[in-house]
Amino acid sequence: MSQQTLRYDVVVVGGGSAGVAAAVGAANLGAKTLIVERNPYFGGAATHASVLTICGLFAQREPLEPVVGGVGRRLLEKLDEIGKYYGPLRNPGSGNVIVPLDAEGTKFALDQLILEAGVDARLHTTVIGCDVERDRIRAIHCFHHGGVFSIEATSFVDASGEADLAFMSGNGVRYGDEEGRVQAGTLVMQFGGVSPDVQLHRHQFTAAVWQAKRQGDTVLTKDRGMVIRLPGSQHVLALFADEAVNGLDSASLTQAEMSARRQAWAYLEAFRQHVPGFKDAYLVATGPSIGVRETRHIDGEYRLTGEEVLNAARFEDAIARGGWPVEVHQPGEPPRYQHIRDRAYYEIPLRSLKARDRTNLWCAGRVIDCDPTAFASARVMGTALATGHAAGVAAALQASYGEAPAAATVREELQRQGAMV
Ligand SMILES: Cc1cc2nc3c(=O)[nH]c(=O)nc-3n(C[C@H](O)[C@H](O)[C@H](O)COP(=O)(O)OP(=O)(O)OC[C@H]3O[C@@H](n4cnc5c(N)ncnc54)[C@H](O)[C@@H]3O)c2cc1C
């Protein structure tokens, strides 16, 4: 076992949208920053579960209104620099605005953001534990194939999606809603061999699922899912294969992965038989991982509520804006939406990123403290970029002053870094 111990101002656990934004935000302040990610690349759900459309960068109302700047905007500029920016696209029906992603372009762009900001990075590294002294996290313990090593830091950001660090440190966490229910998981499918000249209409896919079921299929779950052509490629992205999964439990994940892959092959067959243009379709890829929407949430200093989200609430200590509607997925059902008042944006207070029980822990992305309705909006990647940026700035300020910064100071620094607050 390795005895190596590293020492940083700020350590970020998890390299998804939230984690990368946190690390870059902290390093922009001059903090010596390390990001730890168990996968071989950054991007989290975007690159590891093929969630290839960023939601939440723009409000729903017209004209087009960005609600995320800072590192989020820098990511779009970076994608543009490498010829992989395809947004924004507005769905004329819902008003929702997305930015489609190219998986390899996203991996590369995120590498560049990390390198340019001077962040140290450890890919292929899983955080497995931590040491706590009184109410402070002193060090985290990491596993790689060389063994276990420790990293000390002044402040930490939990951007693990599953609140791993908050949980390991003994900060209060809860799984799903009050009754332990979580949103559905989905295995994203990418199809090739689809005729480039046919229009893809959602109702054709629904009809194909119904027809397959009439012919005896018992595997398919959802009959209404998202289907888009990925710009810059010949591939079609489809979200149908839902599973009720506990993303903290490897037994549940194993069952869900295998069952969802079975679904993917059944969807391929149904679409080949019944959707125009799909006769020669094939599966390019699934996942690689099933997408897990929800597991643990932290107990923070303030719980953002669905009422506040839907009423476009404003806060004095606001550090991020959320512009995506509330979007709830239950296994096998079409998503349910609730819109933000006037299709505007709500604000997220710094207190929802601050762990309640650990003085040097900040949380970002899926992990922040919000109720189930608020979570159904704030979880998306655009908003995760914004909360991540804020958590990184707060952690770096804490490392520099030795105490949790005032919200006004965090807001000022975020504005200096181009964030929208
Ligand atoms: C099927 C599905 C469809 C979705 N559709 C959309 C969509 O269209 N648009 C959108 O914007 N959002 C969508 N979302 C939501 C969005 O993908 C997530 O909420 C978002 O990725 C959250 O970002 P994050 O950085 O908090 O977490 P994640 O993207 O989950 O990143 C967390 C990272 O932490 C790493 N990690 C976890 N634990 C450890 C550990 N112990 N040690 C080291 N590393 C660790 C993980 O490997 C991962 O890279 C979807 C989600 C799913 C599942």
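This is a short tour of a predicted model, from the ligand out to a helix pair and a few backbone features.

Before you start, note that residues are numbered from 1 along each chain as its sequence is written. Since this is a prediction, local features need pLDDT of at least 70 and side-chain atom pairs count only at pLDDT 80 or more, while totals for chains, interfaces and linings use all residues; side-chain values use heavy atoms, with hydrogens and water left out.

**Stop 1: the ligand**

Select the ligand and show what surrounds it: 32 residues do, counted when one of their heavy atoms lies within 4 Å. The closest are E37, R38, T53, R379 and M381. Color the shell by class and you will find 13 nonpolar, 13 polar and six charged residues. Here Ala, Val, Leu, Ile, Met, Phe, Trp, Tyr, Cys and Pro count as nonpolar, Asp, Glu, Lys and Arg as charged, and the others, Gly among them, as polar.

Next, pick out the ligand's oxygen atoms and look for polar contacts (pairs of N or O atoms within 3.5 Å). One pair joins a ligand oxygen to a polar backbone atom of M381, at 2.8 Å. At R366, an N or O atom of the side chain is 2.9 Å from an oxygen of the ligand. A polar backbone atom of C55 is also 2.9 Å from a ligand oxygen.

How much of the ligand does the protein bury? Taken alone, the ligand exposes 990 Å², and 96% of that is buried by the protein (Shrake-Rupley method, 1.4 Å probe).

Now switch to cartoon view. The elements giving two or more residues to the shell are α1 (17-28), β3 (53-55), β7 (126-133) and α10 (381-401). They are DSSP runs numbered from the N terminus: helices are H or I, at least four residues, and strands E, at least two. The largest share, three residues, comes from β3.

**Stop 2: α10 and α11**

Add α11 (residues 407-416): its axis and that of α10 come within 10 Å and cross at roughly 120°. Axes are lines fitted to C-alpha atoms over the stretch in contact, with angles from 0 to 180 degrees between N-to-C directions.

**Stop 3: backbone features**

Most residues other than glycine have a negative phi, and most peptide bonds are trans. Select S50, in the loop between α2 (45-48) and β3: its phi is positive, about 55°. Then try P88, between α3 (70-81) and β4 (89-90); the G87 to P88 bond is cis, with omega near -10°. Finish at P288, in the loop between β14 (282-286) and β15 (296-298), where the bond from G287 is cis with omega near 15°.

Definitions and conventions. A polar contact is a pair of N or O atoms within 3.5 Å; within protein, one must be able to donate a hydrogen and the other to accept it, and residues adjacent in sequence count only if both atoms are side-chain atoms.
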